[in-house]
Amino acid sequence: MPADLPSLSEFLAEPIARRALLACLMIGFANGFVSAFVVLRKSALKVGTLSHALLPGIALAVLMVGLTQWSALAGALFAALLVGLGSIFLSRTSRLDQDTSMGILYTTAFAGGYLILTQLNVRQKLDEWLFGSIVGMADSDMWIAFGISAIAVLSLTALQRPLLIYLFEPNIAASLGVPVRFLNYATFGITILVLISSLQAVGCILSVGLMVAPAATVYLLTNNARTLFWGGGLIGAFGSVLAFFLSYPLGWSVSASIIVVLGGLFLLAYIFSPRYGLFSKRGRV
């Protein structure tokens with residue numbers, strides 16, 4: 001720990017530290033919970049694309065109405081929907097598949113958004129949007145994150161049974177009357193909202209790690225699909241809180257530390273999982 005920094009106990013006495021710790025717990029759990037859907041759907045790359053697509057929306061919002069918390073969130077939501085739905089439209093109206101269409105749209109939009117923001121003299125905020133600043137979260141950020149986290153967890157819990165049928169047997173789900181199209185759009189919307197809620201915490205570059213690593217870790221430990229949701233939530237919360245306590249004495253970025261810790265937990269599961277670990281019999285098959 002740098003000599004000029006107060007002790008961890010003194011730091012935790014500050015409201016900004018307690019707010020950041022609560023954000024780690026809440027955002028980590030929500031992202032870990034939703035990561036179960038991402039892992040089961042095998043859509044990690046699409047989530048990564050959407051997370052990068054948030055930046056151009058923020059850039060346009062700042063350019064058109066100025067820099068406010070709500071304009072940034074609205075712009076991020078607009079950009080994610082535009083890239084996600086635009087890729088579907090392109091794939092249905094051309095020879096391109098959705099992944100190719102999304103790759104073109106998000107890289108072009110990301111580059112354009114970056115160019116706009118570099119000309120608007122918002123360098124400090126640009127770094128926060130790219131890499132996060134969970135210690136700098138305001139009360140309004142916390143309320144937004146809390147609202148989105150509650151909606152995501154409650155919605156996916158309520159939809160868990162038809163969602164699992166849809167994920168594993170989409171044809172059977174349709175024959176049983178499961179609203180497949182509604183589930184597709186609902187889970188897509190929830191994923192985007194959770195990505196936006198973690199924008200301030202880990203930024204649009206690192207957010208994909210927070211939404212993939214927790215359930216991927218649990219996936220190496222169990223065959224129970226339902227366990228992925230709650231297990232992913234617990235891993236996400238635990239890893240984020242552990243990263244908070246590790247980052248302060250080491251002088252590291254909390255946002256980057258969260259992803260490093262979650263990556264470390266995944267590596268441990270990959271190596272030592274009794275059933276699917278690197279050295280297990282099943283892992284060698």
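**Entry 1: methionine 211**

I started with methionine 211, which sits in helix α11, residues 199-219. The model is a predicted one, and I read each value below as computed from it. Is methionine 211 buried or exposed? Its relative accessibility is 0%, so methionine 211 counts as buried. I then listed its contacts, leaving out neighbours within four places in sequence. Methionine 211 is in contact with Asn31, Val34, Ser35, Val38 and Val47, and also with Thr191, Val194 and Leu195. I also took one C-alpha separation, to glycine 75. These two residues are 136 apart along the chain, and their C-alpha atoms are separated by 21 Å.

**Entry 2: two residues of helix α2**

I went next to helix α2, which covers residues 15-41 and holds valine 39. Alanine 20 lies in α2 as well.

Valine 39 has a relative accessible area of 17%. The cut-off for buried is under 20%, so valine 39 is buried. Which residues does valine 39 contact, beyond its neighbours within four places in sequence? I found Val212, Ala215, Ala216 and Tyr219. For a distance I picked threonine 187, 148 residues from valine 39 along the chain; the C-alpha atoms are separated by 13 Å.

Alanine 20 is at 0% relative accessibility and therefore counts as buried. With residues up to four places away in sequence set aside, alanine 20 touches Ile134, Val135 and Phe244. Its C-alpha lies 9.3 Å from that of alanine 138, although 118 residues separate the two in sequence.

**Entry 3: glycine 136**

Where is glycine 136? I located it in the loop between α6 (123-131) and α7 (139-158). Glycine 136 has a relative accessible area of 43% and is partly exposed. Its contacts, apart from neighbours within four places in sequence, are with Asp141 and Gln200. I checked alanine 201 too: it is 65 residues from glycine 136 along the chain, with 8.5 Å between the C-alpha atoms.

**Entry 4: serine 247**

I looked up serine 247 and found it in helix α12, residues 225-250. Serine 247 shows 2% relative accessibility, so it counts as buried. Not counting residues up to four places away in sequence, serine 247 touches Trp252, Ser253, Val254 and Ser257.

**Entry 5: α3 against α5**

I turned to a helix pair. Two packed helices are described by the angle between their axes and the distance between the axes. For α3 (residues 44-65) and α5 (residues 98-118), I noted an angle of about 35° and axes 8 Å apart. The crossing of α3 past α5 is left-handed. Which residues make the contact? On the α3 side I listed Lys46, Thr49, His52, Leu55, Pro56, Ala59, Leu60 and Leu63. On the α5 side I listed Gln98, Asp99, Met102, Tyr106, Ala109, Phe110, Gly113, Tyr114, Ile116 and Leu117. Sorted by class, the contact of α3 with α5 has 12 nonpolar, 4 polar and 2 charged residues.

**Entry 6: nonpolar cores**

How many residues are in the largest nonpolar core? I counted 49, and the residues with the most contacts inside this core are Trp129 and Phe229. Another core lies apart from it and has 23 residues, including Met142, Ala145, Tyr248 and Leu262.

**Entry 7: the chain as a whole**

I finished with totals for the chain. It has 14 helices and 0 strands, so the pattern along the sequence is α-α-α-α-α-α-α-α-α-α-α-α-α-α. The radius of gyration is 19 Å, close to the 19 Å that the globule rule gives for 285 residues, so the chain is as compact as a globular protein of that length. Along the principal axes, the C-alpha atoms fill a box of roughly 65 × 50 × 35 Å. I noted that 46% of the 285 residues are buried. What share of the contacts between residues at least 6 apart in sequence joins residues at least 24 apart? The share is 74%.

Methods
Residues are numbered from 1 along each chain as its sequence is written. This is a predicted model: local features need pLDDT of at least 70, side-chain atom pairs count only at pLDDT 80 or more; totals for chains, interfaces and linings use all residues. Side-chain values use heavy atoms; hydrogens and water are left out. Axes are lines fitted to C-alpha atoms, for helices over the stretch in contact, and angles run from 0 to 180 degrees between N-to-C directions. Helices (H or I, at least four residues) and strands (E, at least two) are DSSP runs, numbered from the N terminus. A crossing is left-handed if the near helix is turned anticlockwise from the far one by less than a right angle, and right-handed if clockwise. Contact means heavy atoms within 4.5 Å. Ala, Val, Leu, Ile, Met, Phe, Trp, Tyr, Cys and Pro count as nonpolar, Asp, Glu, Lys and Arg as charged, and the others, Gly among them, as polar. A nonpolar core is a set of buried Ala, Val, Leu, Ile, Met, Phe, Trp, Tyr and Cys residues joined through side-chain atoms within 4.5 Å. Buried means under 20% relative accessible area, exposed over 50%, partly exposed in between (1.4 Å probe, protein chains only). The radius of gyration is taken over C-alpha atoms; the globule rule is 2.2 Å times the number of residues to the power 0.38.
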